[in-house]
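Colleague: I would like to learn how to read a protein structure one feature at a time. Could we take one and work through it together?

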Amino acid sequence: VGVGGITRDQIASGVFDGARAWLFATDFLNPVEDEEPMMASIFGKTTLEDDRYRVEDMALIDLLGQTVGDTYTAACPKVFGGQEHGGCGVDLAAIDVGGTVTSITSDLVFVDSSRGEAADWFGWGTLQFTSGANAGLAPIKVRDFAAGTFTLYDPPYYPLTNGDAYIAIPGCRKRLEDCRDKFANISRFGGFPWVPVGSTYRQVGGAS
């Protein structure tokens, strides 16, 4: 266990990536109750160095260096499940499901034989383990799902074992058909699949 209860496993699995932080100045030899506040910040890149970890601390003003404005693409740019400022609006808590690992194919593939959802239902969704060695670590993105078989983008931090419990959230591939057919949320779809691409508006007219 590290300082403040932060563990090596949490750092390595990305639990604190992008976390909000508050930076204070203090004297570790003679700490006081009201340290001098310096800035609000977010955690950036985290690296492990033997038995120590190093966290990049980024001031909130660094966010001003990010691109601002709308980008028009065929795919929806909204965060799946986002609720603020005209976001996606899908209630993820209402559609998540629990299950357990029943067999393991590889580091990236496992089966839950009780699952009956349609193919790709969890594709691009997330999966977080609630029991076993990986319990409480960062969610993992699901690459593919079919016939109860989950294929993950990254392997769990610890090897899986049969009986490990998880919570899975269905995924959205940001396509029009996902929003319309999978979640009945077409009124909030933010993509523009009909905007002409470069190859369309550079075409040269000819005889019909």
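**Reading charges, space and strands**

Modeller: Start with R175, which counts as partly exposed at a relative accessibility of 34%. Keep in mind throughout that the model is predicted.

Colleague: Which residue does the side chain of R175 meet in a salt bridge?

Modeller: The general idea comes first: side chains that carry opposite charges can pair once their charged atoms come close. In this structure, R175 makes a salt bridge with E177, at 3.8 Å from N to O. That value passes because the cut-off is within 4 Å. E177 is partly exposed as well, with 37% relative accessibility.

Colleague: How many salt bridges does the count come to?

Modeller: The count is nine. One of them joins the side chains of R180 and D181, with 2.9 Å between N and O.

Colleague: What does D181 count as, buried or exposed?

Modeller: D181 is exposed, at 57%. Its partner R180 has a relative accessibility of 43% and is partly exposed. The two get separate labels because exposed means over 50%.

Colleague: Can we take a pair whose residues lie further along the chain from one another?

Modeller: Take R173 and D144. Their closest N and O atoms are 3.5 Å apart, and they form a salt bridge. This pair links distant parts of the chain, with the two positions 29 residues apart: R173 sits in the loop between β10 (165–169) and α2 (176–182), while D144 belongs to strand β8 (residues 140–146).

Colleague: How accessible are the two partners?

Modeller: R173 has a relative accessible area of 18%, so it is buried. D144 is partly exposed at 34%. The label for R173 follows because buried means under 20%.

Colleague: Which residues are linked in a network of salt bridges?

Modeller: The network holds D120, R143, D144, R173, R175, E177 and D178. You have already met several of these names, including R175 with E177 and R173 with D144.

Colleague: Next, empty space. How would I look for that?

Modeller: Rolling a probe the size of a water molecule over the atoms shows where space is left empty. Here there is one cavity of 30 Å³ or more. The largest cavity holds about 90 Å³ of space.

Colleague: Which residues line the largest cavity?

Modeller: Its lining is made by C76, K78, F80, C88, V90, C172, K174, C179, F183, N185, R188 and F189. By type, the lining has eight nonpolar residues, one polar and three charged. Among the charged ones are K78 and R188, since Lys and Arg belong to that class.

Colleague: Now the strands. In what order do three strands form an open sheet?

Modeller: To read a sheet, list the strands in order, check the direction of pairing, then find the edges. The three-strand sheet is open and antiparallel, in the order β1-β2-β3. Its edges are β1 (20–25) and β3 (52–59), each of which pairs on one side only. From one strand to the next, the twist averages 55°.

Colleague: How many bridges join β1 to strand β2?

Modeller: There are six, joining β1 to the antiparallel strand β2 (residues 36–49). As an example to find on screen, A21 has S41 in β2 as its bridge partner.

Colleague: And what is the order of the seven strands that form an open sheet?

Modeller: That sheet runs β4-β10-β7-β8-β9-β6-β5 with antiparallel pairing. β4 and β5 (103–104) are the edge strands, pairing on one side only.

Colleague: Please walk me in from the β4 edge.

Modeller: β4 (residues 97–100) pairs with β10 over four bridges, in the antiparallel sense. There, G99 has Y166 in β10 as its bridge partner. β10 also pairs with β7 (residues 126–129), again antiparallel and over four bridges. In that pairing, L127 stands opposite A168. The next step, from β7 to β8, has two bridges and is antiparallel.

Colleague: What is the bridge partner of L127 in β8?

Modeller: In β8 the partner is I140. L127 therefore has a partner in β10 and another in β8, which fits the position of β7 between those strands in the sheet order. I140 is buried, at 11% relative accessibility. The C-alpha atoms of I140 and P155 are 8.1 Å apart, although 15 residues separate the two along the chain.

Technical notes
Residues numbered from 1 in each chain as written. Predicted model: local features only at pLDDT ≥ 70, side-chain atom pairs only at ≥ 80, totals over all residues. Heavy atoms only, no water. Buried < 20%, exposed > 50% of the residue type's maximum accessible area, 1.4 Å probe, protein only. 1 Å grid on protein atoms, 1.4 Å probe; cavity = no way out; pocket = protein on both sides within 12 Å on 5 of 7 lines; lining within 4 Å. Points joined across faces, edges and corners; volume = space filled by probe spheres on them. Pairing = 2+ DSSP bridges. Axes fitted to C-alpha atoms, helices over the stretch in contact; angles between N-to-C directions.
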